[in-house]
Amino acid sequence: MVTPRRREGRQDRWVSRVTDTRRSPYARVHAVSVGAVELLEGFWEERTRANRETALGGLDQRLTEHGVVSNFESGEHQGYWFTDLDLYKWIEAAAWSLAGHPDADLDARLRAVTATVMSAQRADGYLNTAIGPEEQFRRLEWSHELYCAGHLVQAALARSRVSDHDALLDGARRFADLIAAQLGPEDTPVTDAHPGIETALVELYRETREPRYLNAAIALAARVELGGDAVGITGHAVRAGYFAAGLADIALETGDAETIATLDALWISMIEEKAYITGAIGGRWIGESVGRPFELPNEGAYAETCGAVAVVHWAWRMLARTGEARYADQIEVALHNAVLGGVSLAGDEWFYANPLSASDVPETDPWEVNTFAQDMAGPFPLARRPWRDVTCCPPNVTRMLASLPGYCYGQSDEGLWVHLYGASRVRAAGLDVEQRTVFPWEGRVELHVAPAPGADPDVERSLFLRVPSWSSRTVVAVNGAPWSAPPVPGEYLEIRTRWSPDDVVVIDLDVRPTLVACNPRVAENRGSVTLRRGPVVYCLESPDNPDADPLDAAVVVSRVGEISVQHRANLLDGVAVLRVPGRVPTTDWGSLYRPLADSVAPERDETLTAIPYYAWANRGPSAMAVWLRRG
Ligand SMILES: [Zn+2]
């Protein structure tokens, strides 16, 4: 049913933006509709196809089998108390998928699931299958009620932005009204200890222009203690990321200087002290938390997949306010490594913890005392699994990938912004742009630019090309001639002109393999290096290196110039591998410790083969290492 509200103010039929900041006073660059972007044959098309064709249906089945759906139908609650949000994330994923890929069966399934969800809504608007009427909002420290509510609102917004089916949004608004009325007032001191409601309420405000939602988001966020003058990202990683994303949303609406200063402090502490090279955050298992500065263990990394998704959401909102490329850089890193590593290539199994090294030696706990850890990651050797009772990560990756087209570009009054490189086509900001490229496997990107049908060709429009911070030598040419302004790594290059149908912009990104060192304060990475090519972080995995154990192989750093790139179409769904001059020990150390004078072990040369980190653990149990000994 199309309500009058939806007919008003709609310039195009489906305004399927992941965030709709067009009327946000402090937004610099806005989202492009998910449905306005078509991924063409290539890297992201392949990864999102697996997501659409395998992950979506598979998760639907598993969520059903494990009672997550039937919890909305019966009084008998199965599973953890927060599983409602997993269904909401699945709904959001399915909705974004429909934006670019209409699917009558999926649409019908969404209508049925929506009816099931709404059947559990109480008369006052409250909706949570694990919380009884007398317990509503009474145990927010652990109940995850608002966290679940936030995902309901986000799912409902996504659904309403890709179709005329508004039933979920109507229900979500009633719940949001209850939350705003009961928890919004200034003298209500509580909020959910698991953020997620803040971004949702701000986005609901953007959709409806009802100030009570924004005010409630501001009030709820203000109740979180941030550590006074020593603000830095800390505590539970996923919560920290979602909370920061919520603050960034609030800043887009209010421009509040204190909020922006807090956001800057949080961001800098993440980038300078607490982010993995893969873009993941949250190295510490205890508390699933970010930990102290430079606490970035490899094999012991927690690095929950949801944390990386939260980083993308946070960075996206920082990018929206500032138009600064450093935020898009971090989105690119997190997507190509930490997020993508959370799901198998086939789209049927998931990691919860994402270590940066792994032993293939089996390990079991004979007393099974640590069942939580066993469920999250173990037993060792680590493997992605089709199901975990804590199911936050799988549908989170799925909604991220389903909405990915909406993160590739941006638009502003000046024109179109290219945030992510990859074969795709977009119509937005008066321009039609097609990226022809095999990025990230090669650095050359051809952009065919033309005025969109109906757009005045005499109007100058800008094309903003992100020059990634990792691309130290970038060449940009417009119709074969170098562009007048030089590309600066870590900034957008603005090309402003009157576009004609045959215009071609070429950006040649520097994807030479690079050795990266780590701040020596990260204890586990002392004396180590890793390999990166463009945004893709590499690792050694045992199946490619039968004569070298990734855990003690060394990279001969003096021979970095000899690292070669090989395209392997039949390996891991098609990847570029790196062939790296290395050295491996010819004998075991034989003991744990030795006098320094006796510590030089004989070694031999060995050419190592490195694969993209995201593709590891797709060939059975294996040993893997991102950080390698420096030889
Ligand atoms: Zn998770």
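The following exchange goes through a zinc site, a sheet and some backbone features of a predicted model.

Biologist: What should be known about the numbering and the atoms used?
Modeller: Residues are numbered from 1 along each chain as its sequence is written, and side-chain values use heavy atoms, with hydrogens and water left out. Because the model is predicted, local features need pLDDT of at least 70 and side-chain atom pairs count only at pLDDT 80 or more, while totals for chains, interfaces and linings use all residues.

Biologist: Which residues are the protein donors of the zinc ion?
Modeller: Donors are N, O and S atoms within 2.8 Å of the metal (3.2 Å for Na, K and Ca), and water is not among the atoms, so sites may look incomplete. At 2.1 to 2.3 Å from the zinc ion lie one OE atom and three SG atoms, belonging to E304, C306, C392 and C393.

Biologist: What arrangement do the four donor atoms around the zinc ion make?
Modeller: Four donors count as tetrahedral if all angles lie between 85 and 135 degrees. The angles subtended here are 96 to 119°, which makes the arrangement tetrahedral.

Biologist: How many residues apart in sequence are the parts that C306 and C392 tie together?
Modeller: Helices (H or I, at least four residues) and strands (E, at least two) are DSSP runs, numbered from the N terminus. C306 lies in helix α12 (residues 305-322), whereas C392 lies in the loop between α14 (371-376) and α15 (393-403), so the parts that this pair ties together are apart in sequence by 86 residues.

Biologist: Are C306 and C392 buried or exposed?
Modeller: Buried means under 20% relative accessible area, exposed over 50%, and partly exposed in between (1.4 Å probe, protein chains only). On that scale, C306 and C392 are both buried.

Biologist: Which are the edge strands of the open sheet of seven strands?
Modeller: Two strands pair if DSSP finds at least two bridges between them. With antiparallel pairing, the order is β2-β6-β7-β8-β13-β10-β11. The strands that pair on one side only are β2 (37-39) and β11 (481-482).

Biologist: In β13, which residue is the bridge partner of A477?
Modeller: Strand β10 (residues 475-478) runs antiparallel to strand β13 (residues 503-508), and four bridges join them. The bridge partner of A477 in β13 is V506.

Biologist: Where is the place of P440, which a cis peptide bond joins to F439?
Modeller: The cis peptide bond between F439 and P440 has an omega of about 10°. P440 has its place in the loop between β7 (431-437) and β8 (444-451).

Note on methods: Four donors count as tetrahedral if all angles lie between 85 and 135 degrees; four count as square planar and six as octahedral if opposite donors are over 155 degrees apart and all others between 65 and 115; anything else is irregular.
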